[in-house]
Amino acid sequence: MSLLEVKSLEVRFGHGEKQVQALYGVDLSIDAGEIVGLVGESGSGKTVTSLALMGLLDPKSAEVGGTAVLDGAPLWDERGRRRPRSKVPMAMVFQEPMTALDPVFTVGSQLVETLRVRRAMGRRQARAEALELLEAVGISDPTARMRAHPHELSGGMRQRVMIAIALACEPKLLIADEPTTAVDVTIQAQLLDLIRGLARERGMAVLFVTHDLGVVAETCDRMITMYAGRVVERGPVVEVLAEPAHPYTAGLLSALPAAAERHARLATIPGRVPPPGTEITGCVFAPRCSHRRDVCDQPQELLPHGDGREVRCIRASEIQFEGVQV
Ligand SMILES: Nc1ncnc2c1ncn2[C@@H]1O[C@H](COP(=O)(O)OP(=O)(O)O)[C@@H](O)[C@H]1O
Ligand code: SF4
Ligand SMILES: [Mg+2]
């Protein structure tokens, strides 16, 4: 059994006739020390997946179904009652750290407070641990940074602070939702290095959410492509990118700058992700797929496609796409 085992995760928003389904039976597993990339264009359901696992969807408007077991213990019971968040070894970092950091308090006081609450540390011990955490996330002169307010830090530095606060909870699972989308490429490379290092050194499992396959290529061990709230492809990153099997993964890949250079233009997939509530009968990707045939007009199942891979496309073994070596 993997560290995280999610089965048939479903999310519905709203009530009664207006209720719409956003996630359709998402399965996912992550081992300790493994980084799994969750990819797809904006609106695919990546953040809804993250928030459902973290217990951050408002139960008044969102209904969560399926099961999720982290480190042997369910995140919620059969009646949907969640274990208190403080008891679950899981933490999340977001794209915009200012939404997670409190502008009023110093970096030090936020870290110390987290350590006192989550790890029951005394003030002195918490302070020492806070300094160590800031050092672990690559912040120079941590003693001075402890006294800084979030707005006094650069975007990359704030992102590191948010990761330090996440680590203060000693997570076995870190969910990182587009953590490098708002920073420049140099800072992005440093943050990806940091996250990879933390996964390896601490044996932390990471669910890495991104719309950028380039980032997945650099960071992740396995990847899951999501489309319209469904998993459409999954497998080891090296293999999926070398030979994508789903036309959607192939489309995302051809939009990568490296591939675009070879084809002399940046390809984009025409059309957009259907929002929850869109009625779909056949293949979910069919309206945007240039490989559509009559056989595609039936619901598609996620089926095995070689070793450790799965794909939701009936034509996957007939069509071949150009991939990239990573
Ligand atoms: N609270 C909500 N109520 C209704 N629809 C939502 C809610 N949150 C997200 N959605 C919809 O669910 C779909 C998936 O969103 P999201 O998971 O944020 O996509 P992304 O892959 O870009 O992270 C989008 O169409 C979004 O508008
Ligand atoms: S099932 Fe058909 S329409 Fe859907 S992705 Fe495959 S080829 Fe395209
Ligand atoms: Mg998102």
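Q: Which residues of α2 are buried?
A: The model is predicted, so that local features need pLDDT of at least 70 and side-chain atom pairs count only at pLDDT 80 or more, while totals for chains, interfaces and linings use all residues. Residues are numbered from 1 along each chain as its sequence is written, whereas chains are lettered from A and ligands numbered from 1 in the order in which they are written. A residue is buried if 20 or more other C-beta atoms, placed from the backbone, lie within 10 Å of its own, exposed if 12 or fewer do, and partly exposed in between. In α2, the buried residues are Val107, Gly108, Gln110, Leu111, Val112, Thr114 and Leu115.

Q: Against which helices do the buried residues of α2 pack?
A: Helices (H or I, at least four residues) and strands (E, at least two) are DSSP runs numbered from the N terminus. Contact requires that the C-beta atoms of two residues, placed from the backbone, lie within 7 Å. The partners of the buried residues of α2 are α3 (123–136), α4 (142–146) and α5 (155–168).

Q: What distance does α2 reach from its first C-alpha to its last?
A: Helix α2 covers residues 107–119, 13 in number. The expected span of a helix is 1.5 Å times one less than its number of residues. The reach of α2 is close to that expectation, at 18 Å.

Q: What is the order of the strands in the open sheet of eight strands?
A: Two strands are paired if DSSP finds at least two bridges between them. In this sheet the pairing is mixed. The order is β6-β7-β8-β3-β9-β10-β12-β11.

Q: Which strands stand at the edges of the sheet?
A: An edge strand here has a single partner strand, so one of its sides is left without a neighbour in the sheet. The strands in this position are β6 (90–93) and β11 (303–304).

Q: Which residue stands opposite Pro304 in β12?
A: Strand β12 (residues 310–311) pairs with β11 in the antiparallel sense over two bridges. Opposite Pro304 stands Glu310.

Q: Is Gly235 buried or exposed?
A: Gly235 lies in strand β10 (residues 230–236) and touches Arg222, Val240, Gly308, Arg309 and Glu310, not counting residues up to four places away in sequence. Glu310 is 75 residues from Gly235 in sequence, yet the two are 6.6 Å apart in space, C-alpha to C-alpha. Because Gly235 has 23 C-beta neighbours inside 10 Å, it counts as buried.

Q: How many residues of the shell around ligand 1 come from helix α1 (residues 46–54)?
A: A residue is near a ligand if its C-beta atom, placed from the backbone, lies within 6 Å of it. Ligand 1 is surrounded by residues including Ser44, Gly45, Lys46, Thr47 and Val48. The largest share of this shell comes from helix α1, and the number is three.

Q: How many residues around ligand 2 are nonpolar?
A: Ala, Val, Leu, Ile, Met, Phe, Trp, Tyr, Cys and Pro count as nonpolar, Asp, Glu, Lys and Arg as charged, and the others, Gly among them, as polar. The surroundings of ligand 2 include Cys283, Cys289, Cys296 and Cys313. Two residues of this shell are polar and two charged, and the nonpolar ones number eight.

Q: What phi does Asp71 have?
A: Asp71 sits in the loop between β4 (62–70) and β5 (73–74). With 16 C-beta neighbours inside 10 Å, Asp71 counts as partly exposed. Although Asp71 is not a glycine, its phi is positive, at about 55 degrees.
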